[in-house]
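Please look over the sequence and the structure below before reading on.

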Amino acid sequence: MANKSWTALTFVMGIGVAAMSASNAGATLLLSYGFDDAPNSATAAPGGSLAGSAPALSIVGPAFIGPDGSGVSGAATDRALDNRAASGMGGTTNSSGGRGTHTADFDGIDGLLKFTVSGWFKTDSTAPVGGNAILVANRSGIAGFDVHGDPNAPGNLILARDNYSVTSPGFSATQQWVNFAVTFDGTILQPGPNVFFYAGGLNTPLTLVGSGTATNGSGNDPVSDETMPLSIGSRVLFGSIDADPFDGLLDDIRIYNSVQPLATLESQRLTDAGSVPEPSTLMLMALGFAGYFAKRTRNC
């Protein structure tokens with residue numbers, strides 16, 4: 001009986017994997033940073049299409065790549081970007097904090113109609129993310145994008161995309177790892193929504209926590225070109241000043257050229273956290289993938 005059960009599970013999982021692959025056809029992981037490199041270097045992880053051409057991140061002090069076990073999973077080989085020496089959570093006045101940054105303009109997201117930004121953060125103190133604290137930024141003026149803490153409502157995240165922004169609650173946990181994901185679909189007309197926020201944790205599945213609209217309403221609204229390097233952990237002002245630092249740890253930052261489905265993001269959360277779902281959970285996930293695929297097939 002056990003063999004038959006696992007045979008059935010394998011069959012259903014195969015359907016699920018096929019469904020997930022079909023739903024992600026054409027999706028590309030542009031960049032992925034796990035920060036598991038030697039101290040003070042962070043290279044694009046294998047699987048990122050720009051891994052061979054985009055420069056590695058330079059680590060600007062006081063940020064540094066943390067020691068073994070500082071990353072999300074706690075595994076000996078897992079490290080994180082450690083910016084806990086930042087003077088506070090966000091703020092452009094009397095603030096300081098390091099970052100991981102490219103040395104040149106990052107063009108990977110310029111002109112995209114769809115994208116997903118995901119990753120993990122862990123605050124250093126009991127102050128939740130806020131104060132415009134930067135998780136990921138590739139923005140100059142009103143061109144480009146960034147994901148940052150809300151200065152008016154700590155515990156909220158904001159996606160700023162060109163001249164538009166969307167705010168979401170759900171990220172108020174402190175001193176523990178928080179998994180975040182934000183998707184944007186510029187093909188969706190107003191009133192939308194076309195931006196979706198997801199939040200989870202080490203032992204908490206990702207769930208939808210907020211949505212909104214960031215588009216000009218034309219249904220063909222790509223991200224504008226900007227002239228700034230990608231920055232993780234703070235933003236760069238006037239070419240050299242680090243501002244709006246995130247006070248804490250950051251890990252497993254990824255950027256995709258597509259709207260990643262929740263099932264895929266949840267699978268990545270489990271991988272990052274070092275978790276292995278129970279067979280019953282795998283079965284439910286596979287059935288969900290199969291149902292999604294069947295629905296897409298019927299609607300084709």
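The paragraphs that follow deal with the largest pocket and then with the aromatic pairs.

The model is a predicted one. Its largest pocket holds about 200 Å³ of space. Lining this pocket are 15 residues, and those closest to the centre are Arg139, Ser140, Asp146, Arg235 and Val236.

Which strands each supply at least two residues of that lining? They are β7 (134-140), β8 (143-149) and β15 (235-237). The largest share, 4 residues, comes from β7. Sorted by class, the lining of the largest pocket consists of 7 nonpolar, 5 polar and 3 charged residues.

The second topic is the aromatic rings. In the structure there are 6 aromatic pairs. One of these is formed by Phe121 and Phe246, whose rings meet edge-to-face, with 5.6 Å from centre to centre and 70° between the planes. Phe121 belongs to strand β6 (residues 114-123), while Phe246 sits in the loop between β16 (241-243) and β17 (248-256), so this pair ties together parts that are 125 residues apart in sequence.

Are the two partners buried or exposed? Residues under 20% relative accessible area count as buried. Phe121 has a relative accessible area of 0% and is therefore buried. Phe246 is likewise buried, also with a value of 0%.

Aromatic residues can also be grouped into clusters. Phe115, Phe145 and Phe184 together form one aromatic cluster.

Notes. Residues numbered from 1 in each chain as written. Predicted model: local features only at pLDDT ≥ 70, side-chain atom pairs only at ≥ 80, totals over all residues. Heavy atoms only, no water. 1 Å grid on protein atoms, 1.4 Å probe; cavity = no way out; pocket = protein on both sides within 12 Å on 5 of 7 lines; lining within 4 Å. Points joined across faces, edges and corners; volume = space filled by probe spheres on them. Nonpolar A, V, L, I, M, F, W, Y, C, P; charged D, E, K, R; others polar. Phe/Tyr/Trp six-rings, centres within 6.5 Å; stacked < 30°, edge-to-face > 60°. Buried < 20%, exposed > 50% of the residue type's maximum accessible area, 1.4 Å probe, protein only.
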